[in-house]
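I opened the notebook to record what I looked up in this structure, entry by entry.

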Amino acid sequence: NQNRFPCNKSAWYFLFLVLGYILYLIFGAVVFSSVELPYEDLLRQQLRGIKRQFLQEHKCLSEERLERFLSKALEASNYGVSILNNASASWNWDFTSSLFFASTVLSTTGYGHTAPLSDGGKAFCIIYSVIGIPFTLLFLTAVVQRIMVYSTWRPIMYIHTHWGLSKPLVAVVHATLLAVVAVSCFFLIPAAIFSALEKNWNFLESFYFCFISLSTIGLGDYVPGEAFNQRFRELYKLGITGRLYLLLGLIAMLVVLETFCELQQLKQLRKMFYLKKEKPQDRLTIMEHDHLAFSSMPDGTVNSPQEDKTEPFMDFPILTSPGGDDPMIK
C-alpha cells in the first residue's frame, strides 16, 4: 500500500496537469476569439464595401469574373507569388530566398509565406525535412551542450566553491541574468533594428516577429526583406535573418531553457508528474519475497538449480545513477 500511494499521487498530479492544459487551451481560444473577431468582422465589411464600389465603377465586369480572378490571385499569394507591380522585382526562389526557406524548414519555423509550387519540390521538401530536422536537432544539441559548460555549469561551480554561496541560489540568479541577457540581445535589440529597417513595422510588430521566429511558431504574417525596393535584400536575408539571427537566436533560447531545466526547483516540479522508475532496492525486495515464497514450498516443487539461480542476485551491490531519481538525467 505504501508503494502504491506515490503512484496514485503521481497519477492524480498528471490528471490535474492534463485538465490544466485543456483549460489553458480553452482560455487562449476565448481570449483570441474575443480580441480578434471584431477586427475580422470589420475587415470583412471593408472588403465587401471595396468590392461593391469596384463593381459599380466597372459595370462591364461581372461579379463572377471578378470572383474567379480574385480566387486565382489569392491562391498564388498563398504560395508567395503576388501580381502587384511593386512585388514583381523580388523572386521567392532565388538563391538567398531559397537559403532562407531551407533554414526555416530545418529549424521548423516555417513562416508559410513561401511554399514549393511543383510536385518535385514538395517531394524533395519531405525528404529534405526527414533527414534535415533530426540532423538539426543533433547539431543544436551538441552545440548547446558545449556552450552550457562555459555559460552555466562552470560559472555556477566557480561561484559556489569560491564564494561559498548556496548552489541552488546561485543557479537561480544565474538563470535569471542569462535570461535577461538573451532577451536583450535577441529580442529587444533586434526588434529595434527591424523596426528601423522595415518601413511598415513598429517596435511591437518587430518584437512580435522576433518572438514568433525564435519560438519556432513562424506564423508568416511578418517576414523581413519582403518590402518593395528593400535595400541590400540578398545580404539582408542571407546574413541577418537566414543564418545569423535565426541560428544564433535558437541556440541562445535552447541554452536559456536548458539552464532553467537544470534548476533544482523545476526538477522537483517535473518529478511530480513523471512516472517513477522502479528502484534497484524495489526489485531486490521483490526477489526476496519470491525467494521466500519458493523456500516455503515443499521440497519436491522447487528444484535446486532454480534456487542456485536466485542466490547470486542477492550478493550484487546496489548500483545507483549519479543523477539520482531524476528521470531527465536518466
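The entries below go from the record's annotation to the surface, then to ring pairs and charged pairs.

**Entry: the model and its annotation**

I note at the start that this is a predicted model. I looked up the UniProt entry, which is unreviewed, and under "transmembrane region" it lists residues 12-35, 125-149, 169-194, 206-224 and 244-263. I then examined two of these spans. Residues 244-263 are 90% helix and 0% strand, with the end C-alpha atoms 29 Å apart, whereas residues 206-224 are 47% helix and 0% strand, with the end C-alpha atoms 9 Å apart.

**Entry: a nonpolar patch**

I asked which residues form a nonpolar patch on the surface. The patch consists of W12, F14, L15, F16, L17, V18, L19, I22, L23, I26 and V30, which together have about 1100 Å² of accessible area. I picked out F14, which is found in helix α1 (residues 4-57), and I recorded it as partly exposed because its relative accessible area is 45%.

**Entry: aromatic pairs**

I counted the ring pairs and arrived at 14 aromatic pairs. In the pair F187 and F211 the ring centres are 6.5 Å apart and the planes stand at 40°, so I entered the pair as tilted. F187 lies in helix α5 (residues 167-197) and F211 in helix α6 (residues 203-214), so this pair ties together parts that are 24 residues apart in sequence. Are the two partners buried or exposed? F187 is buried, with a relative accessible area of 7%, while F211 is partly exposed at 43%.

I went next to W201 and Y222, whose ring centres lie 5.5 Å apart with the planes at 85°, so that pair is edge-to-face. W201 sits in the loop between α5 and α6, and Y222 in the loop between α6 and α7 (233-261), so the pair ties together parts 21 residues apart in sequence. W201 counts as buried because its relative accessibility is 10%, and Y222 counts as partly exposed because its value is 23%. I also noted that W201 and Y222 belong to one aromatic cluster, together with F194, Y208, F209 and Y245.

**Entry: salt bridges**

How many salt bridges does a search of the whole structure find? I recorded 4, and I went through several of them in turn.

The side chains of R44 and E40 meet in a salt bridge at 3.0 Å, N to O. Both residues lie in helix α1, 4 residues apart, which is about one turn of the helix. I entered R44 as partly exposed, with a relative accessible area of 44%, and E40 likewise as partly exposed, at 37%.

The side chains of E67 and K51 meet in a salt bridge at 2.0 Å, N to O. This pair links distant parts of the chain, with E67 in helix α2 (residues 63-78) and K51 in helix α1, 16 residues apart. E67 is partly exposed, at 39% relative accessible area, and K51 is partly exposed, at 22%. I added that K51, E63 and E67 are linked in a network of salt bridges.

Last, I looked up E262 and K267, whose side chains meet in a salt bridge at 3.9 Å, N to O. E262 is partly exposed, with a relative accessible area of 31%, whereas K267 is buried because its relative accessible area is 13%, and buried means under 20%.

Conventions. Residues numbered from 1 in each chain as written. Predicted model: local features only at pLDDT ≥ 70, side-chain atom pairs only at ≥ 80, totals over all residues. Heavy atoms only, no water. Patch = residues over 30% accessible without salt bridge, like charges linked within 9 Å, V, L, I, M, F, W, Y side chains within 5 Å. Areas by Shrake-Rupley, 256 points an atom, 1.4 Å probe, with all protein chains shown as cover. Helix = DSSP H or I, 4+ residues; strand = E, 2+ residues; numbered from the N terminus. Buried < 20%, exposed > 50% of the residue type's maximum accessible area, 1.4 Å probe, protein only. UniProt positions renumbered as here; feature names shortened; annotations may be inferred. Phe/Tyr/Trp six-rings, centres within 6.5 Å; stacked < 30°, edge-to-face > 60°.
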